[in-house]
Amino acid sequence: MNPRPGDYESLRAAIENQSTYKKDEHKYIFTEKEIYEFIRNAKSHTAEETVRGIKNKVAQFLRDFGHNVKVKLGKRKTIEKIYAEIDYDSIIQFNQYVNTLTSSTPLRYVKDFLNYWANKWTEPILKGWADSISYRSPKIKKTFAEEGEKAAISWRDIEEDLKIYYEAILNASNKNTAKKYFRNLVTILYGITTGKRPREIDRTESAWIEKGMKAGYYIIPAKATKTKAERPIPIHPKIKPFLELLIELDPEKPFSESSYRKIKTEVNAKVKMNQLRNFATKYWTDYGIDDLRRIAIMGHDEAELKKAIEESRRLKEVLESLGIEVKAGRKKALNVSEIYRKYTPGELIKHYMETVGRNFNPVPEWLDFEKIVKILT
């Protein structure tokens with residue numbers, strides 16, 4: 001009898017029918033060594049901040065739902081060492097807990113961890129436990145984006161915030177204060193024209209921008225991306241003067257995620273940094289760019305790519321025309337590098353410049369750059 005995912009009773013029956021299973025005794029022992037090996041072998045290409053999240057979530061699972069737990073805490077109460085015995089009741093309790101959360105991320109991390117060791121140890125019972133974990137969001141589903149969500153972004157929102165920062169620059173009491181507002185203004189222009197993630201924007205170096213302004217694009221290093229993959233980042237022609245002034249004023253660190261949030265609150269602006277990428281996702285196609293090249297430039301990860309394919313019949317057709325099979329109901333997302341390697345950087349940027357670069361003007365007519373220059377220089 002094969003248990004259905006999420007069907008606890010059929011899973012328990014299947015486990016109890018296996019001769020090696022003892023109802024009250026079967027357990028698996030995990031320590032920090034198993035966590036580190038899992039990350040080293042199964043998550044080696046994952047971004048550093050994501051790796052920290054995976055380690056913490058798996059450790060918390062062992063601590064909160066294991067038996068005979070022994071824990072040693074380090075700085076900021078992070079779990080440095082742990083010993084925990086996991087049985088089926090641990091799995092049941094964990095599944096009940098994650099279904100009270102608004103995100104399935106902890107479940108995915110734990111599921112991956114259990115599957116890794118099920119395969120490594122050739123343990124069908126552990127594999128059955130991993131397969132049984134399922135997520136049912138407690139949130140009420142909607143067919144629309146609500147005010148304040150990152151999907152609820154429009155050009156009007158962008159323009160209103162640009163005006164807030166522009167007027168703040170014009171009315172600033174001194175040059176240093178004006179400089180902070182200018183930084184946020186340029187962050188918006190840069191975000192909506194590159195489609196980069198907040199952390200990727202934060203990591204941008206002046207040398208990359210200088211190279212991009214000459215060539216029209218630069219290659220972002222893999223270490224600075226979420227997906228650990230290099231990709232070309234276009235520099236929109238209309239924002240070049242703004243970038244040039246920004247790196248003149250802030251050569252060491254042109255962008256800052258934490259500073260952006262602080263200044264946004266200070267002037268009562270609206271647009272969050274993660275909404276800049278969402279704006280690109282929603283509106284670049286309005287200016288002629290095709291989905292496949294947009295995805296390659298924006299650097300979608302496996303989950304984002306699968307979602308985009310599911311939502312776009314045209315994208316599916318384009319992929320298949322390039323010889324990439326897209327199976328209905330495919331659980332495992334396509335290999336992202338398989339998509340990105342279809343085009344050279346030159347081809348991607350040429351298409352971007354002929355569409356978004358030519359048809360989309362991110363700088364409103366009322367925004368007088370020369371006035372800003374006089375205030376800041």
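Which residues does Ile-372 touch, not counting residues up to four places away in sequence? Select Ile-372 and look around the side chain. The residues it touches are Tyr-166, Ile-169, Phe-182, Phe-242, Leu-245 and Leu-367, with residues up to four places away left out. Keep in mind throughout that this is a predicted model.

**Stop 1: the whole chain**

Zoom out and colour by secondary structure. The protein chain has 20 helices and 5 strands. There are 377 residues in the chain, and 47% of them are buried. Now think about contacts between residues at least 6 apart in sequence. Of these, 68% join residues at least 24 apart.

**Stop 2: the nonpolar cores**

Go back to Ile-372. It is among the residues with the most contacts inside the largest nonpolar core, which has 64 residues. Select the others on that list too: Ile-158, Phe-182, Leu-185, Tyr-190, Phe-242 and Leu-243. Next, highlight helix α8, residues 175-194. This helix gives the core 9 residues, the largest share. Two of your selected residues, Phe-182 and Phe-242, are also touched by Ile-372.

Then select Tyr-28, Val-58, Ile-92 and Ala-118. They are included in a second, separate core of 34 residues.

**Stop 3: two crossing helices**

Show helix α10, residues 206-215, and helix α11, residues 240-249. Their axes come within 10 Å and cross at roughly 150 degrees. The crossing is left-handed. Add side chains at the contact. From α10, pick Ser-206, Ile-209, Glu-210 and Met-213. From α11, pick Lys-240, Leu-243, Glu-244 and Ile-247. Notice the spacing along each helix. An α-helix has 3.6 residues a turn, so residues three or four places apart point the same way. Leu-243 should look familiar: it was on the list for the largest core.

**Stop 4: a covered helix**

Move to helix α14, residues 291-298. Is it mostly covered or mostly exposed? It is mostly covered, with 7 of its 8 residues buried. Select the buried ones: Asp-291, Leu-292, Arg-294, Ile-295, Ala-296, Ile-297 and Met-298.

Now inspect the two ends. Asp-290 caps the N-terminal end of α14. One of its side-chain oxygens lies 3.0 Å from the backbone nitrogen of Leu-292. After the helix comes Gly-299, with a positive phi near 70 degrees.

**Stop 5: the small strands**

Find the open sheet of 3 strands. Its order is β1-β3-β2, and the pairing is antiparallel. β1 (28-31) and β2 (67-73) are the edge strands. Each has a single partner strand, so one side of each has no neighbour in the sheet. On average, neighbouring strands here are turned by 5 degrees against each other, direction ignored.

Trace the pairs. β1 and β3 (residues 79-86) are joined over 4 bridges. Phe-30 has Ala-84 in β3 as its bridge partner. β2 and β3 pair over 5 bridges. On this side, Val-71 stands opposite Ile-82 in β3.

Follow the chain from β2 into β3. The two strands form a hairpin with 5 residues between them. Stop at Arg-76 in the turn, where phi is positive, about 55 degrees.

**Last stop: Thr-31**

Select Thr-31 in strand β1. Is it buried or exposed? Its relative accessibility is 17%. Buried means under 20%, so Thr-31 counts as buried. Leaving aside neighbours within four places in sequence, Thr-31 is in contact with Ile-82 and Tyr-83. You have already met Ile-82, opposite Val-71.

How values were computed: Residues are numbered from 1 along each chain as its sequence is written. This is a predicted model: local features need pLDDT of at least 70, side-chain atom pairs count only at pLDDT 80 or more; totals for chains, interfaces and linings use all residues. Side-chain values use heavy atoms; hydrogens and water are left out. A nonpolar core is a set of buried Ala, Val, Leu, Ile, Met, Phe, Trp, Tyr and Cys residues joined through side-chain atoms within 4.5 Å. Buried means under 20% relative accessible area, exposed over 50%, partly exposed in between (1.4 Å probe, protein chains only). Contact means heavy atoms within 4.5 Å. A polar contact is a pair of N or O atoms within 3.5 Å; within protein, one must be able to donate a hydrogen and the other to accept it, and residues adjacent in sequence count only if both atoms are side-chain atoms. Two strands pair if DSSP finds at least two bridges between them. Axes are lines fitted to C-alpha atoms, for helices over the stretch in contact, and angles run from 0 to 180 degrees between N-to-C directions. A crossing is left-handed if the near helix is turned anticlockwise from the far one by less than a right angle, and right-handed if clockwise.
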